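Reader: I've got this one open on my screen and I'd like to know how its labels were earned. Can you walk me through them?

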Amino acid sequence: MINYKQLYYFWAVAKHGGITRASEQLHLTPQTISGQLSELEKGFEATLFDRVGRRLELTALGKLAYSYADEIFQVGKELENAITKKNNIRERVFRVGISSSVPKSIAYKLLSPALEKDPGIHLVCKDNNLEHLFADLALHKTDLVIADKPLSSDVGIKGYNHLLGECPIAFYATPALAERYRPNFPHSLNNAPLLLPGEDSALRIMLQRWLSQQSINPIVKGEFDDTALMKAFAQEGVGIFPGPTVIDKESQKEHGVEMLGEITELKIRYYAISAERKLRHPSVVAISEAAQQNLFAPH
(Lines give C-alpha, C1' and ligand atoms only; values in the text may rest on other atoms or scores of the structure.)
Protein backbone atom coordinates (compact mmCIF):
# COMPACT_ATOMS: atom_id res chain seq x y z
CA MET A 1 0.00 0.00 0.00
CA ILE A 2 1.27 3.46 -0.87
CA ASN A 3 2.56 5.61 1.99
CA TYR A 4 0.96 8.95 1.09
CA LYS A 5 3.24 10.95 3.35
CA GLN A 6 6.24 9.63 1.45
CA LEU A 7 4.42 10.27 -1.84
CA TYR A 8 3.74 13.85 -0.74
CA TYR A 9 7.43 14.41 0.03
CA PHE A 10 8.33 13.01 -3.40
CA TRP A 11 5.75 15.30 -5.05
CA ALA A 12 7.14 18.32 -3.18
CA VAL A 13 10.72 17.55 -4.24
CA ALA A 14 9.69 17.17 -7.88
CA LYS A 15 7.50 20.30 -7.76
CA HIS A 16 10.04 22.57 -6.07
CA GLY A 17 13.06 21.28 -7.95
CA GLY A 18 15.08 19.62 -5.22
CA ILE A 19 15.30 18.35 -1.66
CA THR A 20 16.63 21.61 -0.20
CA ARG A 21 13.79 23.75 -1.58
CA ALA A 22 11.21 21.14 -0.62
CA SER A 23 12.56 20.98 2.93
CA GLU A 24 12.25 24.76 3.21
CA GLN A 25 8.63 24.64 2.03
CA LEU A 26 7.71 21.72 4.30
CA HIS A 27 9.79 22.95 7.28
CA LEU A 28 11.60 19.63 7.51
CA THR A 29 15.27 18.70 7.41
CA PRO A 30 16.73 17.56 4.07
CA GLN A 31 17.79 14.33 5.79
CA THR A 32 14.17 13.56 6.72
CA ILE A 33 12.92 14.06 3.17
CA SER A 34 15.85 12.14 1.67
CA GLY A 35 15.18 9.20 3.97
CA GLN A 36 11.47 9.17 3.11
CA LEU A 37 12.26 9.25 -0.62
CA SER A 38 14.51 6.23 -0.22
CA GLU A 39 11.72 4.36 1.57
CA LEU A 40 9.26 5.24 -1.19
CA GLU A 41 11.64 3.99 -3.87
CA LYS A 42 12.10 0.75 -1.93
CA GLY A 43 8.34 0.32 -1.74
CA PHE A 44 7.95 0.98 -5.46
CA GLU A 45 11.06 -1.06 -6.27
CA ALA A 46 11.95 1.70 -8.71
CA THR A 47 14.30 4.67 -9.02
CA LEU A 48 12.33 7.92 -9.17
CA PHE A 49 15.20 10.40 -9.41
CA ASP A 50 18.58 10.44 -11.17
CA ARG A 51 21.30 12.67 -9.79
CA VAL A 52 22.79 14.83 -12.56
CA GLY A 53 25.61 16.84 -11.05
CA ARG A 54 24.03 18.61 -8.11
CA ARG A 55 20.52 18.35 -9.53
CA LEU A 56 17.85 15.71 -9.24
CA GLU A 57 16.02 14.77 -12.43
CA LEU A 58 12.94 12.59 -12.64
CA THR A 59 13.37 9.23 -14.30
CA ALA A 60 10.73 7.96 -16.73
CA LEU A 61 9.01 6.15 -13.85
CA GLY A 62 9.46 9.24 -11.71
CA LYS A 63 7.60 11.35 -14.27
CA LEU A 64 4.79 8.80 -14.31
CA ALA A 65 4.61 8.78 -10.51
CA TYR A 66 4.64 12.58 -10.40
CA SER A 67 1.71 12.84 -12.84
CA TYR A 68 -0.39 10.60 -10.59
CA ALA A 69 0.79 12.29 -7.39
CA ASP A 70 -0.02 15.72 -8.81
CA GLU A 71 -3.55 14.60 -9.60
CA ILE A 72 -3.99 12.94 -6.19
CA PHE A 73 -2.99 16.03 -4.23
CA GLN A 74 -4.97 18.34 -6.50
CA VAL A 75 -8.08 16.27 -5.82
CA GLY A 76 -7.24 16.42 -2.10
CA LYS A 77 -7.12 20.22 -2.33
CA GLU A 78 -10.49 20.23 -4.08
CA LEU A 79 -11.93 18.04 -1.31
CA GLU A 80 -10.60 20.40 1.35
CA ASN A 81 -12.06 23.42 -0.45
CA ALA A 82 -15.41 21.69 -0.95
CA ILE A 83 -15.73 20.89 2.75
CA THR A 84 -14.53 24.22 4.11
CA LYS A 85 -16.38 26.56 1.74
CA LYS A 86 -19.14 28.33 3.63
CA ASN A 87 -21.44 28.71 0.63
CA ASN A 88 -21.42 24.93 0.06
CA ILE A 89 -20.63 25.44 -3.62
CA ARG A 90 -18.18 22.75 -4.59
CA GLU A 91 -15.15 24.15 -6.34
CA ARG A 92 -14.33 22.12 -9.42
CA VAL A 93 -11.01 22.50 -11.14
CA PHE A 94 -11.25 22.69 -14.94
CA ARG A 95 -7.83 22.51 -16.58
CA VAL A 96 -7.55 23.92 -20.08
CA GLY A 97 -4.50 23.92 -22.31
CA ILE A 98 -4.46 26.74 -24.86
CA SER A 99 -2.20 26.62 -27.89
CA SER A 100 0.12 29.63 -28.08
CA SER A 101 -1.14 30.22 -31.61
CA VAL A 102 -4.74 30.79 -30.45
CA PRO A 103 -5.42 34.54 -29.92
CA LYS A 104 -6.04 35.35 -26.27
CA SER A 105 -9.31 37.16 -27.01
CA ILE A 106 -10.69 34.05 -28.74
CA ALA A 107 -9.64 31.90 -25.78
CA TYR A 108 -11.42 34.29 -23.42
CA LYS A 109 -14.61 34.36 -25.50
CA LEU A 110 -14.66 30.56 -25.49
CA LEU A 111 -13.90 30.06 -21.80
CA SER A 112 -15.93 32.84 -20.17
CA PRO A 113 -19.31 31.07 -20.69
CA ALA A 114 -17.98 28.10 -18.69
CA LEU A 115 -17.34 30.40 -15.73
CA GLU A 116 -20.76 31.98 -16.06
CA LYS A 117 -22.56 28.64 -16.26
CA ASP A 118 -20.83 27.07 -13.26
CA PRO A 119 -20.10 29.39 -10.29
CA GLY A 120 -18.20 26.61 -8.54
CA ILE A 121 -15.61 26.17 -11.26
CA HIS A 122 -11.93 26.92 -10.76
CA LEU A 123 -10.37 27.53 -14.15
CA VAL A 124 -6.69 26.67 -14.65
CA CYS A 125 -5.27 27.78 -18.02
CA LYS A 126 -1.91 26.74 -19.44
CA ASP A 127 -0.48 28.36 -22.55
CA ASN A 128 2.02 26.19 -24.40
CA ASN A 129 2.87 24.55 -27.70
CA LEU A 130 0.73 21.66 -28.85
CA GLU A 131 3.33 18.98 -28.15
CA HIS A 132 3.31 19.77 -24.43
CA LEU A 133 -0.45 20.30 -24.29
CA PHE A 134 -1.21 16.96 -25.95
CA ALA A 135 1.20 15.23 -23.57
CA ASP A 136 -0.67 16.72 -20.60
CA LEU A 137 -3.95 15.57 -22.13
CA ALA A 138 -2.62 12.02 -22.45
CA LEU A 139 -1.55 12.06 -18.78
CA HIS A 140 -4.98 13.46 -17.76
CA LYS A 141 -3.30 16.57 -16.38
CA THR A 142 -5.49 18.64 -18.72
CA ASP A 143 -9.25 18.31 -19.30
CA LEU A 144 -9.34 20.11 -22.62
CA VAL A 145 -7.03 21.59 -25.25
CA ILE A 146 -8.07 24.51 -27.43
CA ALA A 147 -6.10 24.62 -30.66
CA ASP A 148 -6.18 25.87 -34.23
CA LYS A 149 -5.53 22.43 -35.66
CA PRO A 150 -6.82 18.95 -34.79
CA LEU A 151 -4.99 16.20 -32.95
CA SER A 152 -3.36 14.06 -35.61
CA SER A 153 -3.54 10.26 -35.47
CA ASP A 154 0.22 9.98 -35.98
CA VAL A 155 0.91 11.77 -32.68
CA GLY A 156 0.27 8.53 -30.82
CA ILE A 157 -2.05 10.12 -28.26
CA LYS A 158 -5.67 9.12 -27.85
CA GLY A 159 -8.00 12.09 -28.06
CA TYR A 160 -11.01 13.43 -29.93
CA ASN A 161 -11.37 16.58 -32.01
CA HIS A 162 -14.49 18.71 -31.65
CA LEU A 163 -14.75 21.49 -34.24
CA LEU A 164 -15.81 24.74 -32.57
CA GLY A 165 -16.04 26.83 -35.72
CA GLU A 166 -14.17 28.58 -38.51
CA CYS A 167 -13.71 32.07 -39.93
CA PRO A 168 -11.83 33.82 -42.78
CA ILE A 169 -8.39 35.38 -42.48
CA ALA A 170 -7.55 39.06 -42.93
CA PHE A 171 -4.38 41.16 -42.87
CA TYR A 172 -3.88 44.05 -40.44
CA ALA A 173 -1.35 46.85 -39.96
CA THR A 174 -0.93 50.34 -38.55
CA PRO A 175 -2.87 53.05 -40.42
CA ALA A 176 0.31 54.19 -42.21
CA LEU A 177 1.17 50.71 -43.47
CA ALA A 178 -2.47 49.95 -44.25
CA GLU A 179 -2.77 53.07 -46.41
CA ARG A 180 0.39 52.15 -48.27
CA TYR A 181 -0.39 48.48 -48.94
CA ARG A 182 -4.20 48.43 -49.17
CA PRO A 183 -4.33 49.42 -52.88
CA ASN A 184 -4.11 46.39 -55.16
CA PHE A 185 -4.46 44.03 -52.18
CA PRO A 186 -3.47 41.18 -51.90
CA HIS A 187 -0.77 41.53 -54.56
CA SER A 188 0.46 44.61 -52.73
CA LEU A 189 1.84 42.18 -50.13
CA ASN A 190 4.67 41.37 -52.52
CA ASN A 191 7.85 42.78 -50.89
CA ALA A 192 5.75 44.09 -47.99
CA PRO A 193 6.99 43.63 -44.38
CA LEU A 194 5.17 40.63 -42.93
CA LEU A 195 4.90 39.16 -39.44
CA LEU A 196 4.19 35.43 -39.34
CA PRO A 197 2.77 33.13 -36.66
CA GLY A 198 5.12 30.38 -35.45
CA GLU A 199 5.53 26.97 -37.03
CA ASP A 200 3.14 25.40 -34.51
CA SER A 201 0.30 27.45 -36.00
CA ALA A 202 -2.09 26.03 -38.60
CA LEU A 203 -2.35 29.53 -40.04
CA ARG A 204 1.38 29.56 -40.82
CA ILE A 205 1.19 26.50 -43.11
CA MET A 206 -2.01 27.69 -44.74
CA LEU A 207 -0.64 31.17 -45.34
CA GLN A 208 2.66 30.06 -46.84
CA ARG A 209 0.86 27.78 -49.28
CA TRP A 210 -1.49 30.58 -50.32
CA LEU A 211 1.33 33.11 -50.79
CA SER A 212 3.17 30.63 -52.99
CA GLN A 213 0.07 29.99 -55.08
CA GLN A 214 -0.41 33.73 -55.56
CA SER A 215 3.28 34.27 -56.41
CA ILE A 216 3.49 36.77 -53.57
CA ASN A 217 6.88 37.09 -51.85
CA PRO A 218 6.70 39.33 -48.76
CA ILE A 219 9.69 40.27 -46.62
CA VAL A 220 9.32 38.32 -43.39
CA LYS A 221 10.31 40.62 -40.52
CA GLY A 222 9.56 38.20 -37.69
CA GLU A 223 8.02 34.91 -36.57
CA PHE A 224 6.09 34.59 -33.31
CA ASP A 225 4.72 31.61 -31.39
CA ASP A 226 2.70 34.02 -29.25
CA THR A 227 0.05 35.94 -31.22
CA ALA A 228 -0.06 38.69 -28.59
CA LEU A 229 3.65 39.38 -29.10
CA MET A 230 3.16 39.42 -32.87
CA LYS A 231 0.44 42.06 -32.50
CA ALA A 232 2.64 44.12 -30.19
CA PHE A 233 5.29 44.31 -32.91
CA ALA A 234 2.63 45.14 -35.50
CA GLN A 235 1.32 47.92 -33.29
CA GLU A 236 4.75 49.56 -33.46
CA GLY A 237 4.68 49.47 -37.26
CA VAL A 238 7.17 46.64 -37.75
CA GLY A 239 4.96 44.83 -40.24
CA ILE A 240 1.63 43.45 -41.44
CA PHE A 241 0.13 40.45 -39.67
CA PRO A 242 -2.61 37.90 -40.47
CA GLY A 243 -5.46 37.21 -38.09
CA PRO A 244 -8.95 35.71 -37.82
CA THR A 245 -11.77 38.07 -38.73
CA VAL A 246 -13.84 36.84 -35.79
CA ILE A 247 -11.85 39.20 -33.54
CA ASP A 248 -11.58 41.99 -36.10
CA LYS A 249 -13.02 44.69 -33.81
CA GLU A 250 -10.81 43.73 -30.87
CA SER A 251 -7.66 43.72 -33.00
CA GLN A 252 -8.37 47.16 -34.39
CA LYS A 253 -9.42 48.70 -31.06
CA GLU A 254 -6.74 47.19 -28.81
CA HIS A 255 -3.77 47.44 -31.15
CA GLY A 256 -4.60 50.50 -33.22
CA VAL A 257 -4.46 48.64 -36.52
CA GLU A 258 -6.60 48.61 -39.63
CA MET A 259 -7.64 45.84 -42.01
CA LEU A 260 -5.91 45.83 -45.38
CA GLY A 261 -8.18 43.16 -46.78
CA GLU A 262 -9.83 39.81 -46.21
CA ILE A 263 -8.94 36.48 -47.82
CA THR A 264 -12.27 34.66 -47.86
CA GLU A 265 -10.85 31.45 -49.32
CA LEU A 266 -8.58 31.01 -46.30
CA LYS A 267 -10.44 29.62 -43.29
CA ILE A 268 -8.91 29.11 -39.86
CA ARG A 269 -10.57 26.46 -37.70
CA TYR A 270 -10.58 26.10 -33.92
CA TYR A 271 -10.95 22.84 -32.04
CA ALA A 272 -11.71 21.63 -28.55
CA ILE A 273 -9.68 18.44 -28.05
CA SER A 274 -10.67 16.12 -25.24
CA ALA A 275 -10.01 12.59 -24.01
CA GLU A 276 -13.69 11.77 -24.51
CA ARG A 277 -15.47 11.03 -27.76
CA LYS A 278 -18.57 12.97 -26.69
CA LEU A 279 -18.70 16.33 -24.92
CA ARG A 280 -20.07 15.54 -21.46
CA HIS A 281 -18.31 17.93 -19.09
CA PRO A 282 -20.69 20.89 -18.46
CA SER A 283 -17.91 23.40 -18.99
CA VAL A 284 -16.89 21.85 -22.30
CA VAL A 285 -20.51 21.84 -23.45
CA ALA A 286 -20.76 25.54 -22.52
CA ILE A 287 -17.63 26.28 -24.58
CA SER A 288 -19.00 24.44 -27.60
CA GLU A 289 -22.39 26.16 -27.37
CA ALA A 290 -20.81 29.60 -27.01
CA ALA A 291 -18.65 29.00 -30.07
CA GLN A 292 -21.50 27.84 -32.28
CA GLN A 293 -24.15 30.30 -31.09
CA ASN A 294 -22.07 33.42 -30.67
CA LEU A 295 -18.41 33.50 -31.65
CA PHE A 296 -18.54 31.56 -34.93
CA ALA A 297 -22.24 31.96 -35.71
CA PRO A 298 -22.98 33.16 -39.28
CA HIS A 299 -23.67 36.91 -39.42
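**Patch, pocket and labels**

Author: Sure. Keep in mind that this is a predicted model. Let's start with the nonpolar patch: helix 4 (residues 60-84) gives the most to it, with 4 residues.

Reader: What makes up that nonpolar patch on the surface?

Author: Met1, Ile2, Tyr4, Phe44, Leu61, Leu64, Tyr68, Ile72 and Leu139, with about 950 Å² of accessible area together. To join a patch, a residue needs over 30% relative accessible area.

Reader: Why is Ile72 called partly exposed?

Author: Ile72, which lies in helix 4, has 36% relative accessibility. Buried means under 20% and exposed means over 50%, so Ile72 falls in between and counts as partly exposed.

Reader: And what makes Gln208 partly exposed?

Author: The reasoning runs along those lines again. Gln208 is in helix 8 (residues 202-213), and its relative accessibility is 40%. That value sits between the 20% and 50% cut-offs, so Gln208 counts as partly exposed.

Reader: Now the largest pocket. Which residues are the closest to its centre?

Author: The largest pocket has a volume of about 650 Å³. Of the 25 residues that line it, Trp11, Tyr66, Asp70, Lys126 and Lys141 are the closest to the centre.

Reader: Which element gives the largest share of that lining?

Author: Helix 4, with 11 residues. Helix 1 (4-16), strand 3 (92-99), strand 4 (121-128) and helix 6 (130-138) are also among the elements that each supply at least two.

Reader: How does the lining of the largest pocket split by class?

Author: There are 10 nonpolar, 5 polar and 10 charged residues.

Terms used: Residues are numbered from 1 along each chain as its sequence is written. This is a predicted model: local features need pLDDT of at least 70, side-chain atom pairs count only at pLDDT 80 or more; totals for chains, interfaces and linings use all residues. Side-chain values use heavy atoms; hydrogens and water are left out. Patches are made of residues with over 30% relative accessible area and no salt bridge: like charges are joined within 9 Å, nonpolar side chains (Val, Leu, Ile, Met, Phe, Trp, Tyr) within 5 Å. Accessible areas come from the Shrake-Rupley method with a 1.4 Å probe; for residues, only the protein chains shown count as cover. A salt bridge is a side-chain nitrogen of Lys or Arg within 4 Å of a carboxyl oxygen of Asp or Glu. Buried means under 20% relative accessible area, exposed over 50%, partly exposed in between (1.4 Å probe, protein chains only). On a 1 Å grid over the protein atoms alone, a cavity is a set of points where a 1.4 Å probe fits but cannot get out, and a pocket is an open set with protein on both sides within 12 Å along at least five of seven lines; lining residues have an atom within 4 Å of a point. Grid points are joined across faces, edges and corners, and a volume is the space filled by probe spheres set on the points. Ala, Val, Leu, Ile, Met, Phe, Trp, Tyr, Cys and Pro count as nonpolar, Asp, Glu, Lys and Arg as charged, and the others, Gly among them, as polar.
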